[in-house]
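The exercises below concern one protein model. Please work through each task with the sequence and structure in view before reading its solution.

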Amino acid sequence: MSDEGDDDWFEGGLDEDASFDEGGAPDAGGMGGGPPGEEGEELFEEDFASAFEGGGSSSGFDEEFESNLPRVDLGITGLDEMIQGGVPERSLLVVIGSAGTGKTTFGLQFLQKGLEEGERTVYITLEESREAIVEAATEKGWPFDEYLEDDQLAIIDLDPVEMANSLASIRSDLPRLIDDFDAERLVLDSVSLLEMMYDNQPDRRTEVFDFTKALKSAGVTTMVTSEADQDNPYASRHGIIEYLTDGVFVLQYVRSEFRETRLAVEIQKIRNANHSRETKPYEITGEGISVYQQANIF
């Protein structure tokens, strides 16, 4: 993929006096539930840079260990209780699930928690418009429009095709722009569209690895969403992202022998954090996702 013209997406986005500071794949140990799967133009209404300028029970837990890493809560009732102390700050997390399991809601709720605590946050969407994201959050009672006006939130809607033409530049500039915005949480929805840009599996692995490396170097707690594999709900569509992240959450439909269907969440892994291995039911309500930590699936 050529880098020619990569600077076009960035041009004119920042004030002339703006300055920036310079801003690995973990092992697959601890992943449960099933094997991984087999193997020039402006990008949005406002360019990339200008978007930043404003506009419970211990049952089922792993063995405890000492960790002095700062922690953050996800903001999801029940799920936070399944993680002792919260996820380590600056972790790279992935939420894997099929259509309708609430991946986007998960990401919005994760940002809402940070916004409530006075953090600055960034939402990058490859699937929806900026207006659609604000509307989805507003329906849940989360005032993203106000956060945008207060320069506490940046929403960036990237066109996947145009992103492919400027990916190298975005990958290079993203950490510096996030540092300048002073963000503490970031969501990318979804990494699956990034993966779909490449027909060749080795190229796909390389590009996804480089992009996740850039996200980690941004120094924020980051959550990406991913479509599940059609044949294996415990793996991402291309079986890559779960090996490049520090935490993996799986959202899925579970059907009983009586053909009753429920939504269920499982934490496959969180590096440097003690967490429950149990699969728990959850619901998507008018106020977001609620996990029933004390309940069983059926």
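**Exercise 1. State how many aromatic pairs the structure holds, and characterise each.**

*Solution.* Step 1. There are two aromatic pairs in the structure. Rings of Phe, Tyr and Trp (its six-membered ring) pair if their centres lie within 6.5 Å; planes under 30 degrees apart count as stacked, over 60 as edge-to-face and the rest as tilted.

Step 2. One pair is Phe106 with Phe249, whose ring centres are 5.7 Å apart with 50 degrees between the planes, a tilted arrangement. This pair connects distant parts of the chain, since Phe106 belongs to helix H1 (residues 103-116) and Phe249 to strand E8, 143 residues away. Helices (H or I, at least four residues) and strands (E, at least two) are DSSP runs, numbered from the N terminus.

Step 3. Phe106 has a relative accessible area of 1% and is therefore buried; Phe249, at 0%, is buried as well. Buried means under 20% relative accessible area, exposed over 50%, partly exposed in between (1.4 Å probe, protein chains only).

Step 4. Phe144 and Tyr147 form an edge-to-face pair, because their planes stand at 70 degrees, with ring centres 6.2 Å apart. Both residues lie in helix H3 (residues 144-149), three residues apart, or about one turn of the helix. Phe144 is buried at 0% relative accessible area, and Tyr147 is buried at 12%.

The model is predicted: local features need pLDDT of at least 70, side-chain atom pairs count only at pLDDT 80 or more, and totals for chains, interfaces and linings use all residues. Residues are numbered from 1 along each chain as its sequence is written, and side-chain values use heavy atoms, with hydrogens and water left out.

**Exercise 2. Identify the ring over which Arg120 lies, and the ring over which Arg185 lies.**

*Solution.* Step 1. The criterion is that NZ of Lys or CZ of Arg is within 6 Å of the ring centre and within 35 degrees of the ring normal.

Step 2. Arg120 is positioned over the face of Phe181, 4.2 Å from the ring centre. Arg185 is positioned over the face of Phe110, 4.8 Å from the ring centre.

**Exercise 3. Describe the surroundings of Ile289.**

*Solution.* Step 1. Ile289 is located in strand E11, and its relative accessibility of 3% means that Ile289 counts as buried.

Step 2. Contact means heavy atoms within 4.5 Å. With neighbours within four places in sequence left aside, the contacts of Ile289 include Ile76, Thr105, Phe106 and Tyr282.

Step 3. Phe106 is 183 residues from Ile289 in sequence, yet their C-alpha atoms are 6.9 Å apart in space.

**Exercise 4. Locate Ser190, decide whether Ser190 is buried or exposed, and find its side-chain polar contact.**

*Solution.* Step 1. Ser190 occupies the loop between strand E6 (185-189) and helix H6 (191-195).

Step 2. Its relative accessible area is 1%, so Ser190 is buried.

Step 3. A polar contact is a pair of N or O atoms within 3.5 Å; within protein, one must be able to donate a hydrogen and the other to accept it, and residues adjacent in sequence count only if both atoms are side-chain atoms. The side chains of Ser190 and Glu127 make such a contact at 3.1 Å.

Step 4. Leaving aside neighbours within four places in sequence, Ser190 also touches Leu126 and Thr225, among its contacts.
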